[in-house]
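Ready to poke around a protein model? Grab the viewer and work through the exercises below at your own pace.

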Amino acid sequence: MLRHLIEPDDFTSREYDTLFRLAADIAENPALYRHRCDGKILASLFFEPSTRTRMSFDAAMYRLGGDVLHLGDAKVSSLAKGESEGDTVKIAEQYADICAMRHPVAHTQHEVAKLLTTMPLINAGDGDNAHPTQTLADIFTIRDEKGAWSGLKVGFCGDLRYGRAVHSLFEFLNHYDNEFVFISPEGLEMPAVYLEKSNCPYTETGDLAQAIGDLDVLYMTRVQRERFASSEEAARYRGSYILNQTVLDRGRDDLIVLHPLPRVDEIATEVDDDPRALYFKQAKNGMYMRMALILTLLEASDASFGK
Ligand code: CP
């Protein structure tokens, strides 16, 4: 059966548990997985800039023995001649076994998935909506450090309005027994559509220094300037929050600090050496999770895979 990952809710709790166990095994025993995707091709279709997600999908596929087919710069593809993104993805389906796609317009991947018949599609970020494979990296790191992804007080700080990584991590954690603190400047609050479906208790504040003291997890984000109507509007929020050593030292010793990255100015580099700062490890965990996801979707979608 053809399976995609478009939204965090596309997998059940049990499936996530299996996925995290697989990622942990891959991280511990990489040699066992070195040839699992021999002969397989991942189509990498990024219609919006990326460093981590694009590179970690590449690294994941190469470490599984597979290859990657890049669309490359859309300006040198037939998109420049007016070909639709739907047709572009259907063409990729003729050449590749699985696809990772990022697009600046929310819900594009939801529409594109309807066109596919053989190729699993992974949402690598759609506008301000969702970023489910970032959530995999986030949860793998939380699980590794805290032993669970429930019973936690999680602070989300920064641009909560446009931050798709925040939205997807919220969607995931909202299924469990957690508590949320939404820390944002006025105008970039967590959208009402998410607050209305919160199953967990939450508070909203503008004060990071005050909120940090009783958090288990602090999830920092940058201002998503590419989503604003103008760069002047985005610039109004620059420097709203800066996590430096003084602020971090108000947090507990067992606090963990995550960030989907890229960072702009919201985490001072002096914090990078603090053992609570886990954002580089989080990026590495994303690669193991993407390896596990590629294997899982190929196994689900192709009965002959691995036989
Ligand atoms: N976290 C993340 O999505 O980073 P990139 O935009 O660099 O892929």
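**Exercise 1: A spot on the surface**

Leu69 sits in strand β2, which covers residues 67-70. Keep in mind that you're looking at a predicted model.

Task: Find out whether Leu69 is buried, partly exposed or exposed, and which patch Leu69 helps to make.

Solution:
- Step 1. The relative accessible area of Leu69 is 35%.
- Step 2. Buried means under 20% and exposed means over 50%, with partly exposed in between. Leu69 therefore counts as partly exposed.
- Step 3. Together with Ile91 and Tyr95, Leu69 makes a nonpolar surface patch of about 290 Å².

**Exercise 2: Into the core**

Task: Work out where the largest nonpolar core lies relative to domain 1 and domain 2.

Solution:
- Step 1. This core has 58 residues, and Phe20, Phe156, Leu173 and Ile294 touch the most other members.
- Step 2. Helix α11 (residues 279-301) contributes the most, giving 10 residues.
- Step 3. Residues come from both domain 1 (4-130 + 284-301) and domain 2 (133-276), so the core lies between them.

**Exercise 3: A helix under cover**

Task: How many residues of helix α6 (residues 164-173) are buried?

Solution:
- Step 1. Go along the helix: the buried residues of α6 include Arg164, His167, Glu171 and Leu173.
- Step 2. The count is 10 of the 10, so helix α6 is largely enclosed by the rest of the structure.

**Exercise 4: An annotated span**

Task: Describe the span that UniProt marks at residues 151-296.

Solution:
- Step 1. The unreviewed UniProt entry lists "domain: Aspartate/ornithine carbamoyltransferase Asp/Orn-binding" there.
- Step 2. The span is 31% helix and 14% strand, and its end C-alpha atoms lie 28 Å apart.

Methods:
Residues numbered from 1 in each chain as written. Predicted model: local features only at pLDDT ≥ 70, side-chain atom pairs only at ≥ 80, totals over all residues. Heavy atoms only, no water. Patch = residues over 30% accessible without salt bridge, like charges linked within 9 Å, V, L, I, M, F, W, Y side chains within 5 Å. Areas by Shrake-Rupley, 256 points an atom, 1.4 Å probe, with all protein chains shown as cover. Salt bridge = Lys/Arg side-chain N within 4 Å of Asp/Glu carboxyl O. Helix = DSSP H or I, 4+ residues; strand = E, 2+ residues; numbered from the N terminus. Buried < 20%, exposed > 50% of the residue type's maximum accessible area, 1.4 Å probe, protein only. UniProt positions renumbered as here; feature names shortened; annotations may be inferred. Core = buried A, V, L, I, M, F, W, Y, C linked by side-chain atoms within 4.5 Å. Domains from an automatic or database assignment.
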